[in-house]
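Student: May I ask for a close look at a single helix, followed by a view of the chain around it?

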Amino acid sequence: MAATPSKSRVKPSPPAPQTPASGPRRSLRLSSTPRTPVHCYDPSSPRKSAKKSKRSLLKTPAFCPITPNLPESKRRRRSGPDSNPSKKKIYFKRVVFDGVGFEIGDAVYVKRREDAESDGDEPEVEECRICFEVGNFVMVECDDCLGGFHLGCLKPPLKKVPEGDWICGYCEARKMGKVVELPKPPAWKKIKRTAKEKLLSSDLWAARIESLWKEPDGTYWLRCRWYMIPEETAAGRQPHNLRRELYRTNDTANIEMDSVIRHCFVMNPKDFFEANDEGDDVFYCEYEYDVHWHSFKRISEIDNSEECDEGAGNDDEWKLSKDSDSQTDEDSEKEEDTAQGTSYRKYQTHQLAANSRRGRIFGLQRIGAKRIPEHVRCHKQTELERAKAMLVLAILPKSLPCRTKEMEEITAFVKGAICDDQCLGRCLYIHGVPGTGKTMSVLSVMRNLSSEVEAGTMRPYSFIEINGLKLASPENIYKVVYEALSGHRVGWKKALHHLNERFSEGIKVGRQENQPCVLLLDELDLLLTRNQSVLYNVFDWPTRPHSKLVIIGIANTMNLPEKLLPRISSRMGIQRLCFGPYNYQQLQEIILTRLEGIDAFEEQAIEFASRKVAAMSGDARRALEICRRAADLADYRQKQLSSCTKVTSPDSSAGKCLVGMADVESAIQEVFQAPHIRIMKTSSRLSKILLVSMVHELYKSGLSEITFDKLAATVSSLCSSNREDIPGWDTLLKVGCKLGECRIILCEEGTKHKLQKLQLNFPSDDVAFALKDCPEVPWLSKYL
Amino acid sequence: MASSSSFKLAPASPSAQKSSMAEKALALLRSRLRDQSFAHGVFKSSPDSNYSKLKFLISTSIAEGCNNSVLLLGPRGSGKISVVELVLADLSADYPDMLSVIRLNGLLHSDDNCGLKEIARQLCLEHQLLFSKMASSDDNSQFMLDMLRECGLAHKTLIFLLDEFDLFAQGKQRLLYSLLDAMQTLSSQAVAIGVSCRLDADQLLEKRVRSRFSHRKLLFIPLTTEDLKVFLNHALYLPEDSSFSSNYVKEFNSRVKIILGDKKFNEALNSLSNVDGTIGNILRFLYQAVSYMDLASGLLTLQNFKSAILCFQKQPKLDIVKDASVLELYILVCMNRLETKEQNTYNFNSILKEYKAIHEAYKTSDHYGRTVCSRAYEHLLEQELICFVDGKGRHLSNECRPVKLLVSFSELCHGLKSNTSCPAILQKLLDHESFK
């Protein structure tokens, strides 16, 4: 069995001069349709109509087998002459090869064995496992063996494709422990395997195209990142693996275009489950597999989207830089390495400290899990758990209710500032109490705008987000801004100098042309220094002639500009936007939009929670947390219940459990009520006596504090008149200090002994409430 | 001693066997009482215990891959940290290789930069990465964010255990903010556990930090009497199926049963929990009592517990007065007289004057020179029965600095009564004052 196809293995093939574009290499995104009419067979059209797991479609009988390597004559060539016939590698974003466009990021089948062609023509459409005909009937796929069956061939025949998982009779029987005999194909018919089957039995590779280029000799090469089937990993196939699951590896190789067979589709979980009729070549990929460390890691969606953004956003530039790179060094290896950052090879040569370079951590590959934990994959969420997952603060809801007006205003502000030809700087000050969606609104506006930039309806701009609380010192803001603009790290003084130059004289910073820049300053009040120079400098930039700078400042206090020096407030305080606290209807709407389609909460419970929070603070985070906590409590209760009753009735857990008023009530208690009353109620006998005598004495004297000397005397007189043992003074001192530690009382340190001053930290009514009907020491109520 | 003799003698000797058995029993009891996790292990199965609540909370955030933050509040000695450790140990057995714990202590890491650095250091240590001391705090906080993401992607849960949580809430709270803010992202998977004995710890948080905190609180309260009984049964009985001979176990357990049922024992326990009923205090008491066990008999007696409770009821100040020398008593009484004369500031010289006045008025036999008196005075200062009034006269010599009496009047009375060498005149002087 051959290992990864390497350069040496691939047959040199005659050049296929299909350059992606003619003339000056322009962005291919704009001209992505193949220039030449596609003569050869395009595999995408029948694939669309091929069958797909459990969901069905009518099969088109028309299919023509595709041979991976078409005869030379059939190979279409591009009409456009290569504009750069020099001896350099030329990188492309998209290559049309055999009439099929291959783009970076596509997944493809790759030949694994030299004799892969011996399998001959590969069936595009699978045959039924029972009648071994293709036929124009609906087929259903078994979720276990992935075999296809005509609905009519099944016994009993199915009328339509069943919802949910479906397992064929053979697999079911096998699971029961029976020996089953699959129907044998007629002798004359050779079983043909589809590409998918070959892949899953490791006769083919699947790979993701990372980069495409043309060698000086005219052959097309691509750098690919392999996909792996679960059987090939160190952990083997795990019980939770799906049949169509693949792992993305961190192993790459350069292969020639010839060994590529055709497209397949590797999807992330969301797309996979939404995919309906994508055909047979659909695979599921959720994890990345580290071939060196044999560990798994989820593929983060943010990662992918960033990559896409980068690729799509500055397409031209990307190509330019690639070209210039390839002119300077012929070898792409180096560049790839720097681009990847976490390359294994790099790591081996010189060990770098993990925390010393931001964004690039060396040795991260060790973190992956050795096995994918089963509970993550196989767990069926209950309604409550789904509700909890939706209430997590981190989840960005699809729609942001109740803030449309503010968001429109922000959008108008940013658009107005950027689209202005002069692009004069402007400032916007946003204020509001925590948890009212200030940052979230700005970020979602920026997301919307960046999609507009992509669509080409807006000028590109750069966006810098800075949080005042995350800066080590206010001066560091210069450093961060400069780094974001130029990519270089310098000290803050130098950064300030450069930034001043850039904004006032328009001197280019970094490689990029000076774009308009949107600077989001979160927690603005943290940038305050004694002489307020940082804020002054920052807010002075927009007034400079070449700044093209738009500043959005966010803080909690509404009168921050007034508190600043007049020369700063005149610069920043002109345009303001207030985020008021949410009222209860808004909070209710926010919670309800998150919980849409999940039946876990009682209607009044949500209303209760939102009313309570609206009355206290109007903090949406708080409201969500209370609901989540309530769901938690309900979940806990239910799980305890089900574990108790498991013996008697195993299906009791199926009973639905709604989050009710009681749960919300106790969650609110937990959040809003200080726990001191409970601590007082459960504290030791002596501390109760001490508290009561303190209240008594303070009431008598009318003062707010008492010395220990006096308190101890009161305690002993109370004790003696109620036939208690009179405690020693040192014991009393200890008890007092313990209460002081819990901050039920405030007291000076114990070394002051009889001179120690004590104070109640809570109103004396609380003490009275807590200790009034104390069953242990009933005489206490006399003194309250 | 006992063990060495058992080696010398033939192993058949019953007394030697018994004492070695007793040693083993003692070791077992001590190991039980030494760590609080054993005590909390007793209440594992009850659904209302903090153990099961905390375990549920952490395990759901592992299983559901979400972020959580929780605050454990309760007086010192109520077993907050030991419950956390118990939960973490059990969970890391349940989910091997999926937990990594970062431990921070407010006493050490309340400084933001230092805290971030410590987080980075422990993260590096945990994942065998190279750590650089030189990294700036920006780098470290970025590293923390990256690690949170990467660990979340690898289904690993990071647990931040912040001991003395209230101390992190000083200053700008940058550490807490960046930690809690980092936990607002989807890809991270972390639990922040704050442990504090201050009940108002969450009120100390700044409002934007508080808004990000999820406000779960677990309250640790002292054991109830029933729980205490259950625990005592659990802790003091020897196991029947063990290497101990069954006769010994039977005898030992029957003794323990008698002790536990004894009225005196319960009184002692009550007087202990009247002062401080936290589990830490009770464990300390039991440990002391068990340590008094007579190895020859190998059995616990009620006397063991009685002598242990005496240790816990010591009044150190009274004891010092009890053992003080005659001259020291004179000085204390003089100071007390000055205070009752409402002379608020006084120093060594005025005390000496008072002392001489007493001497002349009552013609006592105890007359000492100034240097001797000054030595006694310094001794009292060292024992902190008296102290200088702070802030005043720091540049003056000891003799001129104003002082204050730290012993209260009733303590002084008690002390004088129990002091055997106390002259009668001092008692009289004090009594006289109290009548006035």
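Tutor: Let us begin with the buried residues of one helix in this predicted model. In α14(A), the buried positions are A495(A), L496(A), H498(A), L499(A), R502(A) and F503(A). These buried residues pack against three elements of chain A, namely α13 (476–486), α15 (533–540) and β16 (549–555).

The helix itself covers residues 492–505 of chain A, 14 residues in number. From its first C-alpha to its last, α14(A) reaches 19 Å, which is close to the 20 Å expected at 1.5 Å a residue. After α14(A) comes G506(A), and the phi of G506(A) is positive, near 75 degrees.

We may now turn to chain A as a whole. Chain A contains 26 helices and 20 strands. Of its 784 residues, 39% are buried. Among the contacts in chain A with a separation of 6 or more, 71% join residues 24 or more positions apart. The domain assignment divides chain A into domain 1 (309–364), domain 2 (404–579), domain 3 (584–672) and domain 4 (676–783). Taken over C-alpha atoms, the centres of domain 2 and domain 4 of chain A are 55 Å apart.

Chain A also touches a partner: 76 residues of chain A are in contact with 77 residues of chain B. On the side of chain B that touches chain A, α8(B) gives the most, with 12 residues. By class, that side of chain B has 30 nonpolar, 24 polar and 23 charged residues.

Methods
Residues numbered from 1 in each chain as written. Chains lettered and ligands numbered in written order. Predicted model: local features only at pLDDT ≥ 70, side-chain atom pairs only at ≥ 80, totals over all residues. Domains from an automatic or database assignment. Helix = DSSP H or I, 4+ residues; strand = E, 2+ residues; numbered from the N terminus. Buried ≥ 20, exposed ≤ 12 C-beta atoms within 10 Å, placed from the backbone. Contact = placed C-beta atoms within 7 Å. Nonpolar A, V, L, I, M, F, W, Y, C, P; charged D, E, K, R; others polar. Expected span 1.5 Å × (residues − 1).
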